[in-house]
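User: I want the reasoning behind the labels on this model. Take me through the terms one by one.

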Amino acid sequence: MSPQVFRDFQRIYPVITRGKGVFLYDQAGREYLDAVGGIAVVNVGHGVPEIIAAMTEQAQRVAFVHGGAFANEPAMALAEELATWTPRGLRHVLLLAGGSEATETAMKLARQYHVERGRTSKYRIISRWTSYHGNTIGALSMSGRTAWRGEFVPYLQNFPKIHPPFCYRCPYGKTYPSCQIACADDLERVITLEGPDSIAAFIAEPVIGTSAAGVTPPPEYYPRIRAICDKYDVLFIADEVITGVGRTGKNFGIDHWGVIPDMITTAKALSSGYAPLAAVILHEKVYDAIARGSARTTQGFTYSGHPLSAAVGLAVLRYLKAHDLVANAARIGRRLLERLTSLQRFPIVGDVRGTGLILGVEFVADQATKRPFPPDAEVTRRIVEATLEEGVVVVPGMSGMIDGVCGDHIQISPPYIFSEANVEQLVAALEVAIQKVMREVEPSRA
Ligand SMILES: Cc1ncc(COP(=O)(O)O)c(C=O)c1O
């Protein structure tokens, strides 16, 4: 057995040796359709020669310089390019190595922003249940992912959480639009209850990622959130680690609402997975406050602004533009949502949701009442494994997504080059998997 420590100590993982386009190949030469882009990472596809060439060229020039001592050309060029993708006013880019680094850095920059302006009591970050912002202590403190908080809660900051904008399972038992988006107004209630003087920022994934993949709030939601944040001098951080760089069919997920956040965190799609890369993008309001104050930040890591990763990021952004792949994410995303919705003819398929190429399918024991399966029926695991047997990769969504205990769903987030034929292969595999699992869990549906 390999000395490598795996996430599940008991599972034997297939060993992937090669990837091309939307396909992965294991040691035995078996082909898998990658319907999740790794984990909402790969967008241009596997093995793209232009990206490999950019990596190789940069490695030949210089692979590493320390960001505390030097600037480097690919990092500067990537920041310039990324600033052409962002909503108005967001053009200052801090390059990092991963999503948790980005959200935790945004958390600390929110604090720094207030301190620089003399508002030193503001430090707490409000977020939502059914959310994921990363696995380091600050990021996990903001995350509403009960299964992963678990035994680490004693380490976590006591940050307030509001309910997610989850219409299929409205936490207030209401229905849109008569609900008048009570879930957004809850932010104001919590800010005033906790005391606006202690609240530095609100962080949210514009479209929910791994915790309830594809959940998309109504059109009024983020404009209302923005107004509440402005009223109480609370920064709005859009965590676009999943939704950024085109995955939702627009440059950034928040663009669907036309709202301008104060900071954006982004990662995965920024490098399409060819190298570890993330960014915090600052609105000039935040940048200027720091520039007029101490004009420095301690938010650096060894791999901040890594030249090789930056060269990859630049090549990926250029490739996405050259091949109009964000538009394809929107187009093929609509088709995929339509085809996945047809799975609702199976009685265990509850909600089907998504925007662009971040989609989710939720499984229920009873479609009419939305009653979930008991967790020990392990419906998500069964679906994921049965789909893999059909040669298609989908990933489990967060367990206990409904109430911390129950809730079965899968995430689908393919590369932006996904074709109609790929959609059909995925849907056919899911049909086989769903029918197999229905036979296996029949008693728990009774
Ligand atoms: C929305 C969101 N934020 C942050 C993270 C953390 O990113 P990483 O795993 O790169 O640290 C993730 C990871 O899935 C994510 O989905």
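Analyst: This is a predicted model. The lining of its second largest pocket counts 29 residues. Gly67, Val93, Leu94, Leu95 and Thr297 lie nearest the pocket centre.

User: What makes a residue part of the lining of the second largest pocket?

Analyst: A lining residue has an atom within 4 Å of a grid point of the pocket. 29 residues line this pocket, so each of them has such an atom. The pocket volume is about 760 Å³.

User: Which element gives the most to that lining?

Analyst: Strand 4, with five residues. Helix 3 (73-82), strand 10 (278-283) and helix 10 (284-292) are among the elements that supply at least two each.

User: How many residues of that lining are nonpolar, polar and charged?

Analyst: The lining has 18 nonpolar, ten polar and one charged residues.

User: Now the ligand. Why does the contact with Asp239 count as polar?

Analyst: The cut-off is 3.5 Å between N or O atoms. A polar side-chain atom of Asp239 lies 2.7 Å from a ligand nitrogen. That is within the cut-off, so the pair is a polar contact.

User: What about Gly99 and Ser100?

Analyst: A backbone N or O atom of Gly99 is 2.8 Å from a ligand oxygen. For Ser100, a side-chain N or O atom lies 2.5 Å from an oxygen of the ligand. Both pairs are within 3.5 Å, so both are polar contacts. The protein covers 81% of the 390 Å² of accessible area that the ligand has on its own.

User: Which classes make up the shell around the ligand?

Analyst: Three nonpolar, five polar and three charged residues. The shell includes Tyr132, His133, Glu205 and Lys268.

Terms used
Residues numbered from 1 in each chain as written. Predicted model: local features only at pLDDT ≥ 70, side-chain atom pairs only at ≥ 80, totals over all residues. Heavy atoms only, no water. 1 Å grid on protein atoms, 1.4 Å probe; cavity = no way out; pocket = protein on both sides within 12 Å on 5 of 7 lines; lining within 4 Å. Points joined across faces, edges and corners; volume = space filled by probe spheres on them. Helix = DSSP H or I, 4+ residues; strand = E, 2+ residues; numbered from the N terminus. Nonpolar A, V, L, I, M, F, W, Y, C, P; charged D, E, K, R; others polar. Near = heavy atom within 4 Å. Polar contact = N/O pair within 3.5 Å; in protein donor to acceptor, adjacent residues only side chain to side chain. Areas by Shrake-Rupley, 256 points an atom, 1.4 Å probe, with all protein chains shown as cover.
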